[in-house]
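Colleague: I am new to this structure. Please take me closely through one part: the places where protein and DNA meet. Add whatever helps me find my way around.

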Amino acid sequence: MLFSELVEFYEKIEAITGRIEMTNLLVELLRRTPPEIIDKVVYLTIGEIYPPFIGLELGVADKLALRAVKLASGMSEKEISQAYSKLGDVGLVGEKMLMKRTQATLFMEQLTVEDVYSALEKIARASGEGAMEMKVQILSGLLASSQPKEAKYILRIVTGKMRLGVADMTILDALSIVFGGGKETREIFERAYNLSSDIGYVAKIAALEGIEGVKKFKITIGKPIRPMLAERLSSAEEILQKLDGKCIAEYKYDGERMQIHKKNNDVWIFSRRLENITWQYPDVVEMVRTNIVADEAILECECVAVNPDTGDMLPFQELMHRKRKYDIHKMIEQYPVNLYFFDALYVNGEDLTVKPLLERRKMLESIVKIDDKVKISKAIISSDPREVEKFFNEAIEAGCEGLVVKSIGPESIYRAGARGWLWIKLKRSYK
DNA sequence: CCTGATGCGTC
DNA sequence: GTCGGAC
DNA sequence: GTCCGACGACGCATCAGG
């Protein structure tokens, strides 16, 4: 597939604002895409090259991209930086500079999607001495073989800012139309995405196996699940109204969210954006091994730094010292952590994401061995706004950010994203 | 060996 | 993480 | 209500270059 064909779609999509029309264009694009590269086309369309848990980054943002533009176009530093401050978009700068480029562009081979993708992979893999030079060289080589419009989108992909108005949810809509036969099948695709966190893989399975393949996705220990998010409101009263008058209100701890997978003695830790951060927290791995009493589990907790002498919770910034590659064991001493578990998604073969919250929490209580470092989030069940306000003040007093107030009705399943107002944040700054 | 520029991931 | 625009 | 993109503070890693 020619990259220019992809670019034509991007141009059309960028020119419109309505999501229905965008989706229709994506549908046409996906229909025309060979199944073997549909995953790549999907990643590129949302400005990525891999799913997040792969942990490989391009290491190129605006500044390095502009250096590549300079090399490929032969324009002066001054002209490029002027264009950049005027346009504010590396893609547009590249397009403009290549239109004026000094080198001859005759007899250029046409770029394919695979050409672009494999060059981007090379950029991602370059590391060590001379890596920056290498990244810039590869990128400028790519730009030198591009038409201006192609360059525009190569640069936008590299910097991760496609500005098309298309992200994962719009891709899912398009996939359900192309491979499911209509929007009614959207939920099937969304579930596959939620359980795999890999939209390119969903597209590939859909293209190769059809919707039957997409239906087969299931929870796999070691593969991150897309996290459930919370909406926000500024008073307990509004929140309770939204939640049909009753709720469970939990402390919102000031730390880092972790999705923890356990299979016998193996443990994986995923961040909120689904990066694998297991290696950063060997102490947490040990805590999970000894305090989670289940052969298989996928649980969520907040990891909070504590004062090593008093055990008091410390603010988020202190935990940031733990987000490092070196001196990990020294920092474990200096910034030990507590875990506050708040959800159970999967335990011993049972998918709990479709169960109501209180059932999940009950499961949590049955498998978490509580001690001074490993706990279950502090919570009350209430239907009284004043009681919730009082609990909120206690949370602040204890060093928390506020509360996450959650639905406890039969509809209170684990639902990825922030849809449905099942979880609602109450924080001090909104007051 | 140190420092600044750059990129990235957390909230 | 917050905010606001577009539908 | 949903989705998307623009934005900020902070700390760490990497690399280039003095």
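**Where the protein meets the DNA**

Modeller: Start with a backbone contact. A polar backbone atom of L64 sits 3.0 Å from a phosphate oxygen of DNA strand B. Bear in mind that this is a predicted model. K63 makes a similar approach: one of its polar backbone atoms is 3.4 Å from a phosphate oxygen of DNA strand B. R257 joins in through its backbone too, with an N or O atom 3.0 Å from a phosphate oxygen of this strand.

Two elements each give two or more residues to the surface near DNA strand B: α4 (62-73) and β3 (256-263). Helix α4 gives the most, with three residues.

Now widen the view. There are 16 residues around DNA strand B. The ones that come nearest are E57, G59, L64, R257 and S271. L64 and R257 are thus on that list, and both also have the backbone approaches to phosphate described above. By class, the surface near DNA strand B has nine charged, four nonpolar and three polar residues. What part of the strand faces the protein? Of the strand B atoms within 4 Å of the protein, 91% belong to sugar or phosphate. The rest belong to bases.

Turn next to DNA strand D. Here 27 residues lie around the strand. G128, G165, T170, K325 and R419 come nearest. Sugar and phosphate make up 100% of the strand D atoms that come within 4 Å of the protein.

Look at the individual contacts. A polar backbone atom of G128 is 2.4 Å from a phosphate oxygen of DNA strand D. G128 is also one of the residues that come nearest to this strand. M132 uses its backbone as well: an N or O atom there lies 3.5 Å from a phosphate oxygen of DNA strand D. Y326 uses its side chain instead, placing a polar atom 2.8 Å from a phosphate oxygen of DNA strand D.

Which elements supply this surface? Helices α8 (131-144) and α10 (168-180) are the ones that give two or more residues to the surface near DNA strand D. Helix α10 gives the most, with three residues. The classes divide into ten charged, nine nonpolar and eight polar residues.

Two helix pairs will help you find your way around. Take α11 (residues 186-196) and α12 (residues 199-215). They pack at an angle of about 130 degrees, with axes 11 Å apart. The two helices are therefore oblique to each other. Their crossing is right-handed. From α11, the contact takes I188, F189, A192, Y193 and S196. From α12, it takes I199, V202, A206, I211, V214 and K215. Nine of the contact residues are nonpolar, one is polar and one is charged.

The other pair is α2 (residues 19-32) and α3 (residues 38-45). The packing angle is about 150 degrees, and the axes are 10 Å apart. That angle makes α2 roughly antiparallel to α3. This crossing is right-handed. On the α2 side, the contact uses L26, L29 and L30. On the α3 side, it uses I38, V41, V42 and T45. The contact has six nonpolar residues, one polar residue and no charged ones.

Terms used
Residues numbered from 1 in each chain as written. Chains lettered and ligands numbered in written order. Predicted model: local features only at pLDDT ≥ 70, side-chain atom pairs only at ≥ 80, totals over all residues. Heavy atoms only, no water. Axes fitted to C-alpha atoms, helices over the stretch in contact; angles between N-to-C directions. Helix = DSSP H or I, 4+ residues; strand = E, 2+ residues; numbered from the N terminus. Parallel < 35°, antiparallel > 145°, perpendicular 65-115°, else oblique. Left-handed = near helix turned anticlockwise from the far one by under 90°. Contact = heavy atoms within 4.5 Å. Nonpolar A, V, L, I, M, F, W, Y, C, P; charged D, E, K, R; others polar. Near = heavy atom within 4 Å. Polar contact = N/O pair within 3.5 Å; in protein donor to acceptor, adjacent residues only side chain to side chain.
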